[in-house]
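Work through the exercises below with the sequence and the 3D structure in view. Each task is followed by a solution in steps.

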Amino acid sequence: MKAAAETKKTAAKTQEVSSVASISEGSDLGLVKIHENVIASLVRRATLETEGVSRLSGSSIVDNIAEIVGSRRMQARAISIDLSEENRVRIEVKLNIKFGYKVPELAEKVQKAVISLVESTTGMTVTSVNVLIQDIEEEEPVVDEEAEADSVPAAALPPQ
């Protein structure tokens, strides 16, 4: 009876740890825990540094302001982290890309960048990175102020 209660406590503790943080194999100094937020931050950085990625999906002006002040709301919607007990992690990232890029090639670049950064930084094994392309965005044309000044309508010019 006592052994069954201990097993339940151990299982509950393992469940709690795996849903919140990953435990690196400890040394004599103690355990090292890596929280999901750390992994999500690495995923975000690797994704946004990939050429052709416009932004994480769902990121609006409100989300950008919330992110600046430290809110993790946007990451919760755009990045999913699934940790297992053996220092293994599955990742899903939702993003928008810029028009003109080949979707399969860009998705593969994002996957490789995420895997490389997460594994090198945390020492964890990334088992998969699912990339969900939510939208393709047009690039906004760059306005050349000098060219715009040259094209002022004649009616706006002072009489000579």
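**Exercise 1. A side chain and the backbone**

Task: Find which backbone atoms lie by the polar side-chain atoms of threonine 122, and state whether threonine 122 is buried or exposed.

Solution. The model is a predicted one.
Step 1. The backbone nitrogen of methionine 124 is 3.1 Å from a polar atom of the threonine 122 side chain.
Step 2. On the other side of the sequence, the backbone oxygen of valine 118 is 2.6 Å from a polar atom of that side chain.
Step 3. Both distances can be held against the cut-off for a polar contact, which is a pair of N or O atoms within 3.5 Å.
Step 4. Threonine 122 belongs to helix 5, which covers residues 103-122.
Step 5. The relative accessibility of threonine 122 is 11%, so threonine 122 counts as buried; the limit for buried is under 20%.
Step 6. When neighbours within four places in sequence are left aside, threonine 122 is in contact with Ile34 and Leu42.

**Exercise 2. Two helices that pack**

Task: Describe how helix 2 and helix 5 pack, giving the angle and the distance between their axes.

Solution. Two packed helices are described by the angle between their axes and by the distance between those axes.
Step 1. Helix 2 covers residues 36-48, and it packs on helix 5 at an angle of about 140°, with the axes 9 Å apart.
Step 2. This angle makes helix 2 oblique to helix 5, because only angles over 145 degrees count as roughly antiparallel, and 65 to 115 as roughly perpendicular.
Step 3. The crossing of the two helices, helix 2 and helix 5, is right-handed.
Step 4. From helix 2 the contact takes in Ile39, Leu42, Val43, Arg45, Ala46 and Thr47, and from helix 5 Val110, Ala113, Val114, Leu117, Val118, Thr121 and Thr122.
Step 5. Sorted by type, the residues in this contact of helix 2 with helix 5 are nine nonpolar, three polar and one charged.

**Exercise 3. Pairs across the sequence**

Task: For alanine 40, lysine 112 and alanine 107, state the C-alpha distance to a partner far along the chain, and say whether each residue is buried or exposed.

Solution.
Step 1. Alanine 40 lies in helix 2. Its C-alpha atom is 9.2 Å from that of valine 118, with their positions 78 residues apart in sequence. With a relative accessibility of 5%, alanine 40 is buried.
Step 2. Lysine 112 is part of helix 5. The C-alpha atoms of lysine 112 and alanine 46 are 9.1 Å apart, and the two residues are 66 residues apart along the chain. Lysine 112 has a relative accessible area of 54% and is therefore exposed, the limit being over 50%.
Step 3. Alanine 107 is also in helix 5. Its C-alpha atom is separated by 9.2 Å from that of valine 53, 54 residues apart along the chain. A relative accessible area of 14% makes alanine 107 buried.

**Exercise 4. Residues in and between strands**

Task: Place asparagine 96, asparagine 87 and isoleucine 133 in the structure, and list what asparagine 96 and isoleucine 133 touch.

Solution.
Step 1. Asparagine 96 is in strand 5, and at 4% relative accessibility it is buried.
Step 2. A polar contact of 2.9 Å links the side chain of asparagine 96 to that of glutamate 137.
Step 3. Not counting residues up to four places away in sequence, asparagine 96 touches Val53, Ser54, Arg55, Ser57, Gln134, Asp135 and Glu137.
Step 4. Asparagine 87 sits in the loop between strand 4 (79-83) and strand 5 (88-98). Its phi is near 60°, a positive value in a residue other than glycine. Asparagine 87 is buried, at a relative accessible area of 14%.
Step 5. Isoleucine 133 lies in strand 6, residues 125-137, and is partly exposed at 29% relative accessibility. With residues up to four places away set aside, isoleucine 133 touches Leu95, Ile97 and Val103.

**Exercise 5. The whole chain**

Task: State how many helices and strands the protein has, and in which pattern they follow along the sequence.

Solution.
Step 1. There are six helices and six strands.
Step 2. Along the sequence the pattern reads α-β-β-α-β-α-α-β-β-α-β-α.
Step 3. Of the 160 residues in the protein, 27% are buried.

Conventions. Residues are numbered from 1 along each chain as its sequence is written. This is a predicted model: local features need pLDDT of at least 70, side-chain atom pairs count only at pLDDT 80 or more; totals for chains, interfaces and linings use all residues. Side-chain values use heavy atoms; hydrogens and water are left out. Helices (H or I, at least four residues) and strands (E, at least two) are DSSP runs, numbered from the N terminus. Buried means under 20% relative accessible area, exposed over 50%, partly exposed in between (1.4 Å probe, protein chains only). A polar contact is a pair of N or O atoms within 3.5 Å; within protein, one must be able to donate a hydrogen and the other to accept it, and residues adjacent in sequence count only if both atoms are side-chain atoms. Contact means heavy atoms within 4.5 Å. Axes are lines fitted to C-alpha atoms, for helices over the stretch in contact, and angles run from 0 to 180 degrees between N-to-C directions. Angles under 35 degrees count as roughly parallel, over 145 as roughly antiparallel, 65 to 115 as roughly perpendicular and the rest as oblique. A crossing is left-handed if the near helix is turned anticlockwise from the far one by less than a right angle, and right-handed if clockwise. Ala, Val, Leu, Ile, Met, Phe, Trp, Tyr, Cys and Pro count as nonpolar, Asp, Glu, Lys and Arg as charged, and the others, Gly among them, as polar.
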